[in-house]
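Reader: I should like to understand the terms used for this structure. Please explain each one by setting a value against its definition.

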Amino acid sequence: AICYNTAPAGLTGTAPAGGTGIYGYQWQSSADNVTFNNIGGATAPNYSPPALTATTYYRRIVNSGPCSNISGSIQITVYANLTAGTIQSAQSICYNTEPAALTQATSPTGGTGAYTYQWQDSPDNVTFTNIGGATGVGFAPPVLTANRYYRRNVTSGSCGTVSSASILITVYANLTAGTVGSAQTICYNGIPAAFTQLTAPAGGTGAYTYQWQSSPD
């Protein structure tokens, strides 16, 4: 059994016997173990198959003068191409808050059928770093103060490691209230000047609503 698009070990066999004592060889391959076709140039006692992307059967014909015999076939099982599956989902969160946990949207497929996981993060969607201890199917990110990309690596035995598409957690800038002006001193029962905005609020989602408050102390 081999991974998708890899070359199996060379095929060897025991020496033929009988016939004239002089032997010629022809290797054959089949997709279904029923219909076999000669492999061009494969006329040596042993044969090294190429990289395979589908399960294939092989056998060897031995000719000796007018005599011939066919070996039993052997099967080379090719695991399906390893895919990472997908994770969800992109989010937008407030500064210094914890995003919702990242979960699996679609499962990995192919490879040996057994998988291990490693989550990674990145500030720029280019350079990713392993997150210590983040080896589960899902992952709960910590509190964030800046945009962060996440992806999940999937490994399946000797069939290598593949990465899911990354998702972005957008972190809004820290919300600031801006300032209003200005302090005043007025006569008893007088009306102060209207309060105005000196500096605008910033951060958050960029859309703001307002509520004024008062206090005696």
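Author: The following exchange treats aromatic rings, charges, burial and the backbone in turn. This is a predicted model, in which local features need pLDDT of at least 70 and side-chain atom pairs count only at pLDDT 80 or more, while totals for chains, interfaces and linings use all residues. Residues are numbered from 1 along each chain as its sequence is written, and side-chain values use heavy atoms, with hydrogens and water left out.

Reader: How many aromatic pairs does a search of the whole structure find? Why is the pair of Y47 and Y58 called tilted?

Author: The search finds 5 aromatic pairs. Y47 and Y58 lie 5.8 Å apart, centre to centre, with 45° between the planes. Rings of Phe, Tyr and Trp (its six-membered ring) pair if their centres lie within 6.5 Å; planes under 30 degrees apart count as stacked, over 60 as edge-to-face and the rest as tilted. The angle of 45° belongs to the rest, so the pair is tilted.

Reader: Where in the chain do Y47 and Y58 lie?

Author: Y47 is in the loop between β2 (37-38) and β3 (56-64), and Y58 is in strand β3, so that the pair links distant parts of the chain, 11 residues apart. Strands here are DSSP runs (E, at least two residues), numbered from the N terminus. Ring pairs also link W27 with Y47 and Y58 into a cluster.

Reader: What makes Y47 and Y58 buried or exposed?

Author: Buried means under 20% relative accessible area, exposed over 50%, and partly exposed in between (1.4 Å probe, protein chains only). Y47 has 14% relative accessibility and therefore counts as buried. Y58, with a relative accessible area of 4%, is buried too.

Reader: Why is the pair of F195 and W212 called stacked or tilted?

Author: The centres of F195 and W212 are 6.0 Å apart and the planes differ by 15°, which is under 30 degrees, so the pair is stacked. F195 is in the loop between β14 (179-181) and β15 (196-199), and W212 is in the segment after β15, 17 residues apart. F195 is partly exposed at 49% relative accessibility, whereas W212 is exposed at 51%.

Reader: Which residues make the nonpolar surface patch?

Author: V180, F195, Y210 and W212 make this patch of about 500 Å². Patches are made of residues with over 30% relative accessible area and no salt bridge, with like charges joined within 9 Å and nonpolar side chains (Val, Leu, Ile, Met, Phe, Trp, Tyr) within 5 Å. Accessible areas come from the Shrake-Rupley method with a 1.4 Å probe; for residues, only the protein chains shown count as cover. V180 is placed in strand β14.

Reader: What makes D121 and R148 a salt bridge?

Author: A salt bridge is a side-chain nitrogen of Lys or Arg within 4 Å of a carboxyl oxygen of Asp or Glu. The side chains of D121 and R148 meet at 3.3 Å, N to O, so they satisfy this limit. D121 in strand β9 and R148 in strand β11 (residues 148-155) are 27 residues apart. D121 is buried at 16% relative accessible area, while R148 is partly exposed at 25%. The structure holds 1 salt bridge.

Reader: How do you know that the charged end of R59 sits over the ring of F36?

Author: A charge sits over a ring if NZ of Lys or CZ of Arg is within 6 Å of the ring centre and within 35 degrees of the ring normal. The charged end of R59 is 4.0 Å from the centre of the F36 ring. R151 is likewise placed over the ring of F128, 4.0 Å from its centre.

Reader: What is S122 in contact with, leaving aside its neighbours within four places in sequence?

Author: S122 is in contact with T127, F128, R148 and Y149, where contact means heavy atoms within 4.5 Å. S122 lies in strand β9 (residues 116-122) and is buried, with a relative accessible area of 0%.

Reader: Why are N96 and N189 singled out for their phi?

Author: Most residues other than glycine have a negative phi, and most peptide bonds are trans. N96 has a positive phi of about 65° although it is not a glycine, and N189 also has a positive phi of about 65°. N96 is partly exposed at 46% relative accessible area, whereas N189 is exposed at 74%.

Reader: Which peptide bonds are cis?

Author: The bond from Q88 to S89 is cis, with omega near -5°, and a cis bond joins G181 and S182, with omega about -10°.

How values were computed:
Helix = DSSP H or I, 4+ residues; strand = E, 2+ residues; numbered from the N terminus.
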